[in-house]
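Colleague: I should like to go through this structure with you, one feature at a time. Please give the reasoning behind each reply.

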Amino acid sequence: MQEVFDWADYVVVGSGIGSAAFAASAIKNHKKVLILECGDWPLRDDEDWNPKSILIQGRYTNNPLHPKVFANQYSRKRADTVLTRPIVGGMSVFYGGAAFRLREADFTNWPKDCDYQQMEPYYGKAEKLMNVHGNDQLDPTRPFRSTPLKPAILPSKPAIRIQSAAKSLGLSPFAIPLAINFSKCELCNTCDGFACKVEAKIDAATILKSLKGDNLKIITSCFVDKLHFDGDQLSSIDCKFKPNEPCQNFTVKKLFLGAGTIGSAALMLKSTQPGVQFPSYEQFGRNLMRHANAIVGALFTVRTNPEQVFSKQTVIADFYEDFRKQSGFATGVIQDIYTPDSSVVRHYAPKGFRLAASILSPFIQNLLCVSEDEPQLTNRIELGAGGQIKVNHEYTTGDLERLNHLIDKAKMVLKKAGGFFPKVMKIDSFSHAVASLRMGVAPQNSATDTNGKVWGIKNLWAIDGSILPASGGVNPSLTIAANAIRIAENVGKQNEAK
Ligand SMILES: Cc1cc2nc3c(=O)[nH]c(=O)nc-3n(C[C@H](O)[C@H](O)[C@H](O)COP(=O)(O)OP(=O)(O)OC[C@H]3O[C@@H](n4cnc5c(N)ncnc54)[C@H](O)[C@@H]3O)c2cc1C
Ligand code: SF4
């Protein structure tokens, strides 16, 4: 197998949206890319749209190659299990396809040579790669763009209900930019949280499938367990193909970490130690950001989505800058989000309320609040006993203040739309996690330079969500993809210059 590693110009760990965008750009520039992914391809069968299979039975979870991940959060006494679904395409396979650009003001928390002006062309390239449709003309915080989006589709009935309520409150709702191929899309209600059976959602797996050719090889069921170094060079990596068998070692020329915000930081922590060789060691895994997210649901007197159509279509960004001056962070956005199937609502409702919850679920409409949380050194990824990964995360008072502000506004919109008895559910997944190996200008406060190159090591980069220096107040995938394309181009130019 060493021949495949020798064949590759670039070896990439993991196959999420950062890796897929990086590979697309590198291949365009005639580089040979080898991707090592611990999961397998999505199956794209009926079960992928079965709420019970995906949301209750946990299809795609429990990969024996991937370590278990636990989180201490919300000051809870017991650690929560963090859901991992190792798969070709990573989390993007299950994402909602919302593909936002950060706003210009968000880049005040990024290094100066990576401001919005620098990123703008790469956003355009990422939007083209991900086939993004939208209409941001009504967005009060829209950043400058040099390339247009493909037109948004017409809103569904649940989306119209939210849009009308928001407009009558004087707000400016607009279409969520969506990475979907609408010529294939069936506008179903099993999109966010599900793999797309018909491959209409543009996730990292659909991108990689479209790239398959002479310059891309993907090895699945391959977990990269450890990196080895020789002075300032990464020399080889250990790969595990079967859970109870020893790792195999391969030499590598250039390695790119795309194992995700938790996976890439965990791999660095497992493979390094403090010292001059790794001047940014103390930064590995720290400053984890994940957004402060919550769902606000309200009851209606009518079925909110009787035709069970796709409803993640509307976003309200009017409050985005409300706390910028006092905190320096984005208050974020409110988006519509589907109500899960009644079997799922019943399964997760507290005991004693299960029957009532499942009967009422068709009458519920939900809004998702996404606000920016602050980077903190203590919010970090660590290695636990027996190879487990531990995540520690607590919100600041400011984080909760911004989130609660959005929650109040979401309740206001739902009330105007005819909803009552609003209920708030905190989201405790790490689905929007970023910044655990953040980019920066010095190893004292960042893990990598502004091209994602790990400080002190000549041939090791990170290209996924882990290197975003700050999350802004919108969903991260498009920014991860744009940044990965930027790095692919810059690394390519540096090679040519040598
Ligand atoms: C339900 C859900 C809905 C979401 N909706 C949206 C949305 O609408 N819009 C949006 O922008 N974002 C959304 N997100 C977030 C978005 O999906 C992620 O931020 C993004 O996909 C992360 O991409 P990544 O490249 O950082 O890596 P990941 O997606 O984390 O991929 C990492 C890959 O590396 C593999 N891996 C890990 N460790 C190893 C190892 N050691 N060896 C080999 N392989 C390894 C994993 O199996 C995985 O495939 C959503 C997420 C979820 C879960
Ligand atoms: S709404 Fe469209 S893109 Fe989403 S899962 Fe259904 S068919 Fe796929």
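Colleague: Is Phe421 buried or exposed?

Modeller: The model is a predicted one, and the answer rests on relative accessible area, where a residue must be over 50% to count as exposed. Phe421 has a relative accessibility of 60%, so Phe421 counts as exposed.

Colleague: What kind of pair do the rings of Phe420 and Phe421 form?

Modeller: A pair of aromatic rings is described by the distance of the centres and the angle of the planes. In the whole structure, a search finds 15 aromatic pairs. The rings of Phe241 and Phe250, with centres 6.4 Å apart and planes at 85°, make an edge-to-face pair. For Phe420 and Phe421, the centres lie 5.5 Å apart and the planes meet at 65°, so this pair is edge-to-face.

Colleague: How does Phe420 count in terms of accessibility, and what is its value?

Modeller: Partly exposed residues fall between the limits of 20% and 50%. Phe420 counts as partly exposed because its relative accessibility is 35%.

Colleague: Which residue, Phe241 or Phe250, is buried?

Modeller: Buried residues have under 20% relative accessible area. Phe241 has 21% and therefore counts as partly exposed. The relative accessible area of the other ring residue is 4%, so the buried one is Phe250.

Colleague: Which residues are linked into a cluster by ring pairs?

Modeller: Such a cluster is built from ring pairs, of which the search of the whole structure finds 15. The residues that ring pairs link into a cluster are Tyr10, Phe22, Phe256 and Trp461.

Colleague: How many disulfides are there?

Modeller: Two cysteine sulfur atoms must lie within 2.5 Å to count as a disulfide. By this rule the count of disulfides is 0. Cys239 is accordingly in no disulfide, and the nearest cysteine sulfur, at 3.9 Å, is that of Cys222. The number asked for is 0.

Colleague: What are the relative accessible areas of Cys239 and Cys369?

Modeller: The limit for a buried residue is under 20%. Cys239 is buried, with a value of 0%. Cys369 also counts as buried, because its relative accessibility is 0%.

Colleague: What is the volume of the largest cavity?

Modeller: The structure holds 4 cavities of 30 Å³ or more. Of the 15 residues lining the largest cavity, Trp49, Cys185, Cys188, Cys191 and Cys196 are the closest to its centre. The lining divides into 12 nonpolar, 1 polar and 2 charged residues. The volume of the largest cavity is about 100 Å³.

Colleague: Where does ligand 2 sit?

Modeller: Ligand 2 has 13 residues around it, and Cys185, Glu186, Cys188, Cys191 and Cys196 come nearest. Its shell divides into 10 nonpolar, 1 polar and 2 charged residues. As for its site, ligand 2 sits in the largest cavity.

Colleague: How many charged residues are in the lining of the second largest cavity?

Modeller: The second largest cavity has a volume of about 80 Å³. Its lining includes Arg101, Arg103, Glu127, Asp136, Asp139 and Arg145, and Ala99, Phe100 and Leu149 are also among the lining residues. The lining divides into 6 nonpolar residues and no polar ones, and the number of charged residues is 6.

How values were computed
Residues numbered from 1 in each chain as written. Chains lettered and ligands numbered in written order. Predicted model: local features only at pLDDT ≥ 70, side-chain atom pairs only at ≥ 80, totals over all residues. Heavy atoms only, no water. Buried < 20%, exposed > 50% of the residue type's maximum accessible area, 1.4 Å probe, protein only. Near = heavy atom within 4 Å. 1 Å grid on protein atoms, 1.4 Å probe; cavity = no way out; pocket = protein on both sides within 12 Å on 5 of 7 lines; lining within 4 Å. Sits in = over half its atoms within 2 Å of the grid points. Nonpolar A, V, L, I, M, F, W, Y, C, P; charged D, E, K, R; others polar. Points joined across faces, edges and corners; volume = space filled by probe spheres on them. Phe/Tyr/Trp six-rings, centres within 6.5 Å; stacked < 30°, edge-to-face > 60°.
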